[in-house]
Amino acid sequence: LCLHEHLEPWGFQLTVLSTAAQFWDALEQAVPDLILLDIEMPDLNGLELCRVIRHDPKLSQVPILVLSAHRESDTVRQVFEAGADDYLNKPIIGSELVARILNRLERVQLLRNLAETDELTGLSRRKKSVEDLNTLLKLAERQHTTLCFGLLDLDRFKQVNDRYGHDMGDRLSWLNDLIDI
C-alpha cells in the first residue's frame, strides 16, 4: 500500500517516518491531525507507541489508526486496549482507509467544536478565547504590530434572565431590545 497514492489526492499532507526517533522529532514541528501506526515497526512496537501517545497530554486526543497484517482477535483487542481509535487489516483498501480517516477527522472536529463553542452564541468558550487571544498576541509581537480587540459585557443581564426567564434572555438578539427593559 502506498499511502501517498491513496491519501494525497484527498488533500492529506503526509509525513511518513521510518523510526521512532523521527516521530518525536516530527512532533516538535507540529501536532498531527491523525496518526497511522503499524504494529510492527523497525525499532518500536506500534502498540507501545500508541500507549505512550495516549499518555501525552498534547497528543491524547489525536486519533490513532493502526494498520496491520495481524488478524488474531487477541491482537485486535490489544490494539484497542493500547488506545487506538480504529484498526484496519492489511492489505489496505484505499477507499476504506480514506473513509475511516475522514470519519475520524470529522468526529474530532465535531467534538472540538462542541467543547470550544458556545451553542447559543456561536462564540468561543473562555478557554478557546484565551488560547486564540494569546496566539494573536504572539503573532502581533512577531510582526511588530499592535492588536486591538473589544469585549462586551452586558451589565445587569442577570436581571433579564431572573425577570423573564433564561429562554427569553436567550432569545434576545438585538442590543436595542435591552434598552426597553
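Lys128 and Asp132 sit four residues apart in helix H6, so about one helical turn separates them. Their side chains meet in a salt bridge, with N and O 2.8 Å apart. Both ends of this pair get some solvent in this predicted model: Lys128 comes out as partly exposed at 22% relative accessibility, and Asp132 is likewise partly exposed, at 28%. The helix that carries them, H6, runs over residues 126–142, 17 residues in total. From first C-alpha to last, H6 reaches 24 Å, close to the 24 Å expected at 1.5 Å a residue. Just after H6, His144 adopts a positive phi of about 55°.

What else turns up around H6 is a nonpolar patch on the surface, made of Leu136, Leu137, Leu139, Leu147, Phe149 and Leu151. Together these residues offer about 580 Å² of accessible area. Phe149 belongs to the loop between H6 and helix H7 (157–164). With a relative accessible area of 55%, Phe149 is exposed, which means it clears the 50% cut-off for that class.

Back to charges. Side chains of opposite charge can pair when their charged atoms come close. A search of the whole structure gives eight salt bridges. One of the pairs is Asp38 with Lys90, whose side chains meet at 2.3 Å, N to O. This pair ties together distant parts of the chain, 52 residues apart: Asp38 is in strand S1 (residues 35–38), while Lys90 is in the loop between strand S5 (86–89) and helix H5 (94–116). How do the two ends fare for burial? Asp38 counts as buried at 19% relative accessibility, although that value falls just inside the class, because buried means under 20%. Lys90, at 33%, counts as partly exposed.

Another bridge joins Asp86 to Arg100, with the closest N and O atoms 2.6 Å apart. Here too the link is between distant parts of the chain, since Asp86 belongs to strand S5 and Arg100 to helix H5, 14 residues apart. Asp86 is buried at 10% relative accessibility, whereas Arg100 is partly exposed, with a relative accessible area of 25%. Elsewhere, Asp74, Arg77 and Glu81 are linked in a network of salt bridges.

Helix H5, the partner of S5 in the Asp86–Arg100 bridge, has 23 residues. H5 spans 33 Å from its first C-alpha to its last, close to the 33 Å expected at 1.5 Å a residue. Its buried residues are Gly94, Leu97, Val98, Ile101 and Val108. As for what lies over them, the cover includes helix H1 (3–7), strand S1, strand S4 (64–68) and strand S5. S1 and S5 thus come up twice: S1 holds Asp38 of the bridge to Lys90, and S5 holds Asp86 of the bridge to Arg100.

Strand S1 also leads on to Gly46, found in helix H3 (residues 46–54). Leaving aside residues up to four places away in sequence, Gly46 touches Leu37, Asp38, Ile39 and Met41. Gly46 is buried, with a relative accessible area of 3%. Its C-alpha is 17 Å from that of Gln61, a residue 15 places away along the chain.

Ile39 has a further contact in Thr75, which touches Ile39 and His70 once residues up to four places away in sequence are set aside. Thr75 lies in helix H4 (residues 73–81). Thr75 is buried, with a relative accessible area of 13%.

Which aromatic rings pair up? A search of the whole structure finds one aromatic pair. The rings belong to Phe23 and Trp24, with centres 4.9 Å apart and planes at 80°, so the pair is edge-to-face. The two partners fall in separate burial classes: Phe23 counts as buried at 10% relative accessibility, while Trp24 is partly exposed at 33%.

Notes:
Residues are numbered from 1 along each chain as its sequence is written. This is a predicted model: local features need pLDDT of at least 70, side-chain atom pairs count only at pLDDT 80 or more; totals for chains, interfaces and linings use all residues. Side-chain values use heavy atoms; hydrogens and water are left out. Helices (H or I, at least four residues) and strands (E, at least two) are DSSP runs, numbered from the N terminus. The expected span of a helix is 1.5 Å times one less than its number of residues. Rings of Phe, Tyr and Trp (its six-membered ring) pair if their centres lie within 6.5 Å; planes under 30 degrees apart count as stacked, over 60 as edge-to-face and the rest as tilted. Buried means under 20% relative accessible area, exposed over 50%, partly exposed in between (1.4 Å probe, protein chains only). A salt bridge is a side-chain nitrogen of Lys or Arg within 4 Å of a carboxyl oxygen of Asp or Glu. Patches are made of residues with over 30% relative accessible area and no salt bridge: like charges are joined within 9 Å, nonpolar side chains (Val, Leu, Ile, Met, Phe, Trp, Tyr) within 5 Å. Accessible areas come from the Shrake-Rupley method with a 1.4 Å probe; for residues, only the protein chains shown count as cover. Contact means heavy atoms within 4.5 Å.
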